[in-house]
Amino acid sequence: MKKLLSFGGIVVLFIVLLLLGPGNYKAKNTIRIGASNIPHAQILRHIEPELRKKGIKLDIVTFQDYVLPNRALAGKQLDANYFQTPAFLDQWNKEYDGHLVNVGAVHLEPIGIYSKKYKKLSDLKNGAHILVSSNAPDYGRILQLFQQNGLIKIKKGVNITQANFSDIAYNPKHLVFQTGYEPKIMPLIYNNGEGDAVAINSNYAVQGGLQPDKQSIALQKPEKNSPYFNIVAVRNGDQNRKDIKELVKVLQSKSTQEWIKKHYKGSVLPAKNY
């Protein structure tokens, strides 16, 4: 699935890169890092004082989509980014012949299923419509939620983390999965009462004023070595930079991971179990 930027997307990308400036933008011991507003930029702002003690300054650049942060990183307008999962990074590298690498998992934004009509996932009626975003790397974990609740089964031999809706072998309620929606508008779609259920990633759920642990009718649970943890990514060759290693060390520290757990109250889960 090759994704091409529209003319408008190209213009936006040009403006972002122009604002970010040329490759020699940064002062010594400064990490310019791209991040989604919630929760990534919030977590980075939380650790800024700790990094300053170590002589490292963060220059946080926020993004509203999933395309520009990797393009800006590959184009050397950023030192790192923090917004995506390993599954998304792998797909991006394949689609764009990229050479970005994962340097560490920080947190999980559990995918949730929301409904104005049903209180439990198992209550979905025959032929119910489930609205899903266009973010294909999320499809596996959405399918996993439905399979765990006994509503579907995936074809034998298919790795569920890489599964698509065409891989459903058993669907006794004839559930209809409608894809193609912009990820960031999923909370609005839910609030408008569209469909029978809506799949929403927790970063957009929280940004849209939802409480995933209280309002979802099914919520993903963290698993060891999950491919859905949100990670810090850098260009291949920068993973051994001392400042990058220190950034990841602080993000994965016990104090930061406990802060994530307490601050987001289950809507965002720490990658490290302490």
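This report looks at aromatic rings, charges over rings and the largest cavity in a predicted model.

Residues are numbered from 1 along each chain as its sequence is written, and side-chain values use heavy atoms, without hydrogens and water. In this predicted model, local features need pLDDT of at least 70 and side-chain atom pairs pLDDT 80 or more, while totals for chains, interfaces and linings use all residues.

Let's start with the rings. The structure holds 10 aromatic pairs (rings of Phe, Tyr and Trp, the last by its six-membered ring, with centres within 6.5 Å; planes under 30 degrees apart are stacked, over 60 edge-to-face and the rest tilted). The rings of Trp92 and Tyr96 have centres 5.1 Å apart and planes at 35°, so this pair is tilted. Both Trp92 and Tyr96 are buried (under 20% relative accessible area, with a 1.4 Å probe and protein chains only). Elsewhere, ring pairs join Tyr66, Phe83, Phe88 and Tyr204 into a cluster.

Two lysines sit over rings (NZ of Lys or CZ of Arg within 6 Å of the ring centre and within 35 degrees of the ring normal):

| Lysine | Ring | Distance to ring centre |
|---|---|---|
| Lys116 | Tyr190 | 4.7 Å |
| Lys153 | Tyr170 | 5.4 Å |

Now for the empty space. The largest cavity (a set of points on a 1 Å grid over the protein atoms alone where a 1.4 Å probe fits but cannot get out; lining residues have an atom within 4 Å of a point) has a lining that includes Tyr66, Phe83 and Phe88. About 110 Å³ of space lies in the largest cavity, a volume being the space filled by probe spheres set on the points, which are joined across faces, edges and corners.

How values were computed:
Buried < 20%, exposed > 50% of the residue type's maximum accessible area, 1.4 Å probe, protein only. 1 Å grid on protein atoms, 1.4 Å probe; cavity = no way out; pocket = protein on both sides within 12 Å on 5 of 7 lines; lining within 4 Å.
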